[in-house]
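This report introduces a protein to a reader who has not met it before. It starts with one residue and then widens the view to the strands and helices around that residue.

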Amino acid sequence: DRTGDAVTRQRETLPEVVYMPPKQFNRNRFVLHLVTLVAVVLALTFVFSIFFKVKTVTVSGNIRYDAWTVREASGIKEGEGLLSFGAAKAAGKIWAELPYVKEAQIGIKLPDTVKINIVESSVAYSVAAYDGTWWLMSAEGKLLEQIDPERADDVTKIEGIVLAVPVGDQVKAYEEVGQNA
């Protein structure tokens, strides 16, 4: 039988499986690996804190605000550690301080550059507040700025509601009740 001969030849060419018991746990070797890992992490942290400092901040996507205004709003300072300045916190500061900023993304470029990319909101509506003032509002419902009542006609007016509190990020409004109701 030819298949039997082929199987026999294949078995003869395969090496035997040798069982090797696992090495015993070596505490000294483990401690050495742990100390080496900690030393490498500390060395990298030291190198990054000494050599990678913010020297340049670039701003893109800005139309309404100049680059200096966006940089100042971020709170990022020259000479600050590039990997330790807190990108999320800086983006939140920009969003909170500059009303027309819809999104702020912050990235780093080694060895010394912080890149800020913003997306600005556009004016979609004007809406009246309870005190008779008019406000510009984005399509997302973020209040952008207070305007003169004459400028309110330049943008789509939202009528029938009045802003309850024209302070804060998102609009809070109530239905306007007519005088004859």
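A salt bridge is counted here when a side-chain nitrogen of Lys or Arg lies within 4 Å of a carboxyl oxygen of Asp or Glu. With that cut-off in mind, one residue of this predicted model deserves a careful look: Asp112 is buried and yet has no salt bridge, since the nearest side chain of opposite charge, that of Lys55, is 4.4 Å away.

**The surroundings of Asp112**

Asp112 sits in the loop that runs between strand S2, residues 101–109, and strand S3, residues 113–120. Although a salt bridge is absent, the side chain of Asp112 does make a polar contact with the side chain of Thr113, at 3.2 Å. When residues up to four places away in sequence are left out of the count, Asp112 touches Lys53, Val54, Lys55, Thr56 and Leu82.

**The sheet beside the loop**

The two strands that flank this loop form a hairpin, with 3 residues between them. Strands S2 and S3 run antiparallel and are joined by 8 bridges, whereas strand S1, residues 56–60, runs parallel to S3 and is joined to it by 5 bridges. Some of the residues that stand opposite each other are listed below.

| Residue | Partner in S3 |
|---|---|
| Val57 | Val114 |
| Thr58 | Lys115 |
| Ile108 | Val114 |

Together the strands make an open sheet of 3 strands in the order S1-S3-S2, with mixed pairing. Because S1 and S2 stand at the edges and each has a single partner strand, one side of each is left without a neighbour in the sheet. Neighbouring strands of this sheet are turned against each other by 20° on average, direction ignored. Helix H4, which spans residues 87–97, lies across S2 and S3 and runs at about 150° to S2.

**The protein as a whole**

How many helices and strands does the protein have? There are 4 helices and 8 strands, and, read along the sequence, they follow the pattern α-α-β-α-α-β-β-β-β-β-β-β. Of the 181 residues in the protein, 26% are buried, and Asp112 is one of the buried residues. Among the contacts between residues at least 6 apart in sequence, 48% join residues that are at least 24 apart.

How values were computed. Residues numbered from 1 in each chain as written. Predicted model: local features only at pLDDT ≥ 70, side-chain atom pairs only at ≥ 80, totals over all residues. Heavy atoms only, no water. Buried < 20%, exposed > 50% of the residue type's maximum accessible area, 1.4 Å probe, protein only. Lys, Arg positive; Asp, Glu negative; His and termini not counted. Polar contact = N/O pair within 3.5 Å; in protein donor to acceptor, adjacent residues only side chain to side chain. Contact = heavy atoms within 4.5 Å. Pairing = 2+ DSSP bridges. Axes fitted to C-alpha atoms, helices over the stretch in contact; angles between N-to-C directions.
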